[in-house]
Amino acid sequence: MTIIARGHKQVRNYERALGGEPPRSSLRKSQSDLTRTLTQRLRKTNADRKEIAALTKQKQNLLLKNVSRRDPALKQANAELERVYAQRAKRKLTRPRIRTFEPRVISGSNFTIHVPPYDADWTFNPSGNAATANKGAGTYDLACQSIGDGTQEVAAGVMSWFFCTAADPQQRFAALLDFSDDWWDSASGYVAHNDFRMRLWVFGHSENAWVHQSDVQPSWSDGVGWFEDHGGSDERRTSAEVFFPARANSWYQAWVWSDAWVYADSGFWGFAASSIHFSASVPLMVFGSLF
């Protein structure tokens, strides 16, 4: 096993010597596709929920017609619940410390290790929640909450270019992830949903398309109704890998990103709430295998 390039500068120069500069137009296309995909899904989800809400509102009114929204006990309970929800949403996450690794290219195996600084980052935040990404540090953070405000969504991630020298129908892409999260959804006579996806996606320049899209762990989907309350938190290191068909002498964008989606409805006598906080460090991405 021979290391033919080591350190960020050597690895970068080696890959550019083989493939030239990665095409900026391809990066713009992938970022635009990510934003369009989430925007279209959010629009469709909101339309579906609006239709269902209109159909069920009359039933809710019949069930609750004897409840007065001016009842002092109800107003006090709602105010206290809103205070608790807001307090929970202010919990601070500790971002995992970024671990230091050395970038390398190893001959004879098409094995490459990339570490920060990466080549690009991206965020999606249509409603003014919190979504940040830092390609230089290899980190991103998400915070999304709805207290009876319907659907809210944020997403963020980082990307590294990879130059594939040989055709491979099972090109390996793996990433190491250090993360911490805190999520919950709580219903007070209404409903709430809480969905999170960790994703490894690959965009091919020659193909001008996504060549692989995978959800990996950590990912979850949870819902509550009536007076249920669910939640969890975690802090750990994990790794994930995917395989994609690669062409020889082609550039590929390897994206590590996450999507946080919450929903909570409300009515004249109360509200539900849902919240996700997520902080991630991506200390390395790996392409190929030593075997």
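So, W183 and W220: both of these tryptophans are buried. They also pair up with each other, and the pair counts as stacked, with 5.7 Å centre to centre and 25° between the planes. What I like here is where the two partners come from: W183 sits in strand β8 and W220 in strand β10, 37 residues apart, so the pair links distant parts of the chain. Keep in mind throughout that this is a predicted model.

Compare that with W201 and W210. Those two form an edge-to-face pair, 5.2 Å centre to centre, with 75° between the planes. Are these two buried or exposed? W201 counts as buried because its relative accessibility is 9%, and W210 counts as buried because its value is 18%, where the cut-off is under 20%.

Altogether the structure holds 14 aromatic pairs. Some of the rings join up further: ring pairs link Y140, F179, W183, F196, W220 and F278 into a cluster. So our stacked pair, W183 and W220, belongs to that cluster.

Okay, how far do we trust the coordinates? The protein averages a pLDDT of 88, and 90% of the residues score at least 70. Confidence is highest in strand β4, residues 120–124, at a mean of 98. At the other end is strand β2, residues 104–106, where confidence is lowest, with a mean of 72. The usual caution applies: where pLDDT is low, the predicted coordinates should not be read in detail.

Now the packing. The largest nonpolar core has 37 residues, and F173, V256, F278 and M285 have the most contacts inside it. Which strands feed this core? At least two residues each come from β6 (139–147), β7 (150–164), β8 (168–186), β9 (190–204), β10 (209–226), β11 (229–246), β12 (250–264) and β15 (273–287). Strand β15 gives the most, with six residues. There's also a second, separate core of 19 residues, and W161, F163, W210 and W251 are included in it. You'll recognise W210 there: that's the partner of W201 in the edge-to-face pair. And F278, one of the residues with the most contacts inside the largest core, is also in the ring cluster.

On to the holes. The count comes to two cavities of 30 Å³ or more. The largest cavity has about 120 Å³ of space. It's lined by 13 residues, and the closest to its centre are H8, R12, H114, P117 and S160. Two elements give two or more residues to that lining, α1 (8–19) and β3 (111–114). Of these, α1 supplies the largest share, five residues. By class, the lining comes out as six nonpolar, three polar and four charged residues.

The second largest cavity has about 50 Å³ of space. Its lining is A175, L176, L177, M198, L200, V216, Q217, T238, S239, A240 and V256. Strands β8, β9, β10 and β11 each give two or more residues to it. How many charged residues are in this lining? There are no charged ones, with eight nonpolar and three polar residues making up the classes. V256 is another name to notice: it lines this cavity, and it's among the residues with the most contacts inside the largest core.

Last bit, the backbone, for those of you who check torsions. There's a cis peptide bond from P116 to P117, with omega near 5°. P117 is found in the loop between β3 and β4, and it's one of those residues closest to the centre of the largest cavity. A cis peptide bond also joins Q217 and P218, where omega is about 10°. P218 has its place in strand β10, while Q217 is one of the residues lining the second largest cavity.

Then two asparagines with positive phi. N208 has phi near 55° and sits in the loop between β9 and β10. N249 also has a phi near 55°, this time in the loop between β11 and β12. How accessible are they, then? N208 is partly exposed, because its relative accessible area is 45%, whereas N249 counts as exposed because its value is 54%, with the cut-off for exposed at over 50%.

Conventions: Residues are numbered from 1 along each chain as its sequence is written. This is a predicted model: local features need pLDDT of at least 70, side-chain atom pairs count only at pLDDT 80 or more; totals for chains, interfaces and linings use all residues. Side-chain values use heavy atoms; hydrogens and water are left out. pLDDT is the predictor's confidence in each residue, from 0 to 100. Helices (H or I, at least four residues) and strands (E, at least two) are DSSP runs, numbered from the N terminus. A nonpolar core is a set of buried Ala, Val, Leu, Ile, Met, Phe, Trp, Tyr and Cys residues joined through side-chain atoms within 4.5 Å. Buried means under 20% relative accessible area, exposed over 50%, partly exposed in between (1.4 Å probe, protein chains only). On a 1 Å grid over the protein atoms alone, a cavity is a set of points where a 1.4 Å probe fits but cannot get out, and a pocket is an open set with protein on both sides within 12 Å along at least five of seven lines; lining residues have an atom within 4 Å of a point. Grid points are joined across faces, edges and corners, and a volume is the space filled by probe spheres set on the points. Ala, Val, Leu, Ile, Met, Phe, Trp, Tyr, Cys and Pro count as nonpolar, Asp, Glu, Lys and Arg as charged, and the others, Gly among them, as polar. Rings of Phe, Tyr and Trp (its six-membered ring) pair if their centres lie within 6.5 Å; planes under 30 degrees apart count as stacked, over 60 as edge-to-face and the rest as tilted.
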